[in-house]
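Okay, thanks for squeezing me in. I'd like to walk you through a few backbone oddities and then the packing, so let me put the structure up.

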Amino acid sequence: MTTALAVDLGSSSGRVVAGRLEGDHIEIHEVHRFSHEAIRRDGSLVWDLERLWDQTVEGLQKAVQEYPDAQSVSVDTWGVDFVALDSDDHPVGPPRAYRDERTARTLEQFRQRIDDEEFFHLTGIAPATINTANQLVALTREEPELAEHIDTVLLLPDYFAWKLSGVKGWSRSICSSSGLCEPGSPRWSDTVFSRLGLPRSWVGDLNDDLTTVGPCTVEGLESLTVVRGGAHDTACAVHGLPVEEGVKAYFLSCGSWSVLGGMLDRPLLTDAAFKLGLTNESRSDGGVRPLFNITGMWILQELQRQWEREGMPTDTDELVAAARTCAPSAHLFDPDDSRFAEPGEMVEKIDTVIREAGGEPPSTKPEYVRLVIESFAQRYARGIDELAQIAGSRPDQLNLVGGGARNHLLCDLTAQAAQLRVVAGPIEASILGSLIAQLEIMGNIASGDRPHIIATTAKTRVHEPSAR
C-alpha cells in the first residue's frame with residue numbers, strides 16, 4: 001500500500017485528504033478541513049495567506065502522523081490569483097482576491113492596450129476582469145511603488161508548492177487561467193506581456209503538470225515529495241473523470257457556479273468561441289479543456305436562504321424529492337439573466353421573470369425548486385449544443401461532478417433535455433484526480449490504468465434519457 005496527500009484549496013474552504021492505493025482502488029479519507037474567506041484590509045479584498053499556509057501545514061502534519069507511508073503531496077487551488085515576491089522572497093503586499101474592485105477601475109486602460117477580441121485570439125482566454133493579466137495591470141497602474149519591488153509572480157498553487165519545497169515553478173494547468181499564455185498554453189505570450197507593459201522576468205518557463213517539484217523541506221514533512229498533480233482544481237477534476245476508452249465526453253462541474261467544457265487536443269479560437277465566452281485552459285495530461293461559465297445552483301441556494309430568513313427552514317433533499325412529483329413547469333427562465341447574479345429576494349426575481357414571460361409564478365416551494373432545476377437542465381442542454389457546434393461534433397456523454405451530482409432530479413432532467421447520457425459523480429472529482437495523478441507520477445500506477453482505477457474508486461450513477 002502507498003498513500004498520496006492532496007491539498008485542495010477552494011475560495012471558502014481548504015482541506016487535506018489522504019488517498020491510499022489498495023489493490024485496484026483508492027481509499028480516500030479527509031484528514032483536515034478548515035474555512036477561510038477573502039477579507040477587507042485597507043480598502044482592498046485580500047486573502048489571508050498566513051492562515052492558508054498554517055492550516056495547510058497543520059493538515060499535512062496530521063496526515064503524515066496518521067499515514068506514515070505517505071509519499072507525495074500536491075496542491076491545487078482556484079485559478080487566476082497569485083502572490084508577488086520581492087528579491088528576498090517576501091510577499092509584495094497582501095495577495096488580492098479576484099473579486100477586488102481595482103480591476104474594474106483599470107479595465108478601460110487594459111482595453112486600450114489589448115481589446116477584448118484581440119485578447120481572446122492572443123491567449124485563448126475569455127476577457128474578464130478577474131484574469132491574472134488584468135490583476136497585474138491594475139497593480140502596476142494603482143500601486144506602481146509596489147510593482148517596482150516585484151521580482152517573481154507565482155500563481156497560488158505554485159506559491160504553496162514553493163513554500164513546501166523551496167523550488168519555484170509555473171504549472172501549465174494553473175498558468176493557463178492567467179490570460180498571459182499563448183492559446184493552449186504551450187508557453188507564455190511575450191506579445192501579451194509586452195503590450196500590457198508587464199516584465200516578462202516576473203515568471204519563469206512553464207512546467208508540465210504530472211511532474212516532480214522536489215523533496216519537501218518543511219520540518220516534519222521531509223518524507224514527502226512535492227509533485228504537480230494538477231495545480232488547477234478543474235484540471236484535477238477532469239483528470240479524475242470516469243470516461244471509458246473511445247467515449248467522447250463533456251464535463252459539467254456543478255456547484256454554486258457551473259463550468260461546462262470538453263476535452264480536446266487543440267484550443268477553439270473561432271469568432272463563435274469568442275462570442276460564447278469560451279476559455280481554453282490546459283489539462284493535467286497536456287490536452288486542452290475549452291470551457292465556459294454558467295450561473296450555478298446559487299439560485300436555489302438563495303431561495304433557501306430567503307425562506308430561512310422568513311422563518312421557513314428547508315431541507316434540500318426533501319425539497320428535491322417533492323419537486324419530482326410536481327408537474328413540469330409551463331414557463332422556464334434563463335439562469336444567466338443578470339438579475340439573478342446578485343443575492344437577495346430570489347423569490348421576487350423569479351416571479352418577475354415568469355410574469356414577463358406571460359406565466360404564473362409557482363405557488364409552493366417544491367414548484368419553485370422544480371422550476372429552477374428544469375431551467376438549469378434546459379440551460380445545460382443549450383450549452384452542450386453551443387459547445388458541440390463550435391467543436392464540430394456532439395459528445396457521447398456528460399460527466400456531471402460537484403455538488404450537483406447529488407441532485408438526482410437535476411441529472412435526470414439534464415439527460416432528458418440534452419438527450420445525452422449523464423454520468424453523475426464523483427462528487428469529489430478534484431481530489432480523486434489529484435490523487436490519481438500523484439500515484440502516476442510516483443510510479444505506483446501506469447497512466448493506462450487510470451480508467452480502471454477511477455471506475456473502481458468513484459461512486460457514480462448513470463442517468464439515461466428516455467425517448468422524446
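**Backbone oddities, then the cores**

Let's start at D42, which sits in the loop between β4 (39-41) and β5 (44-46). Keep in mind that what you're looking at is a predicted model. So what's odd about D42? Well, this residue isn't a glycine, and yet its phi is positive, about 55°. And is D42 buried or exposed? With 79% relative accessibility, D42 counts as exposed, because the cut-off for that is over 50%.

E345 is another one. Again not a glycine, again a positive phi, here about 50°. You'll find E345 in the loop between α13 (316-324) and α14 (346-356). Its relative accessibility is 43%, so E345 counts as partly exposed.

One more backbone thing: the peptide bond going from G425 to P426 is cis, with omega near 0°. P426 is in the loop between β16 (421-424) and α17 (429-441).

Okay, packing. In soluble globular proteins, nonpolar side chains tend to end up buried together. Here, the largest nonpolar core has 67 residues, and the ones touching the most other members are L5, F160, L164, L180, W188 and L196. Which helix gives the most to this core? That's α1, residues 49-66, with seven residues.

Let's zoom in on L180. Leaving aside neighbours within four places in sequence, L180 is in contact with T132, A133, L136, W188, S189, V192, F193, L196 and L198.

And there's a second, separate core, with 55 residues, including W307, V372, C411 and V422. Okay, that's my tour, happy to rotate things if anyone wants.

Notes:
Residues numbered from 1 in each chain as written. Predicted model: local features only at pLDDT ≥ 70, side-chain atom pairs only at ≥ 80, totals over all residues. Heavy atoms only, no water. Helix = DSSP H or I, 4+ residues; strand = E, 2+ residues; numbered from the N terminus. Buried < 20%, exposed > 50% of the residue type's maximum accessible area, 1.4 Å probe, protein only. Core = buried A, V, L, I, M, F, W, Y, C linked by side-chain atoms within 4.5 Å. Contact = heavy atoms within 4.5 Å.
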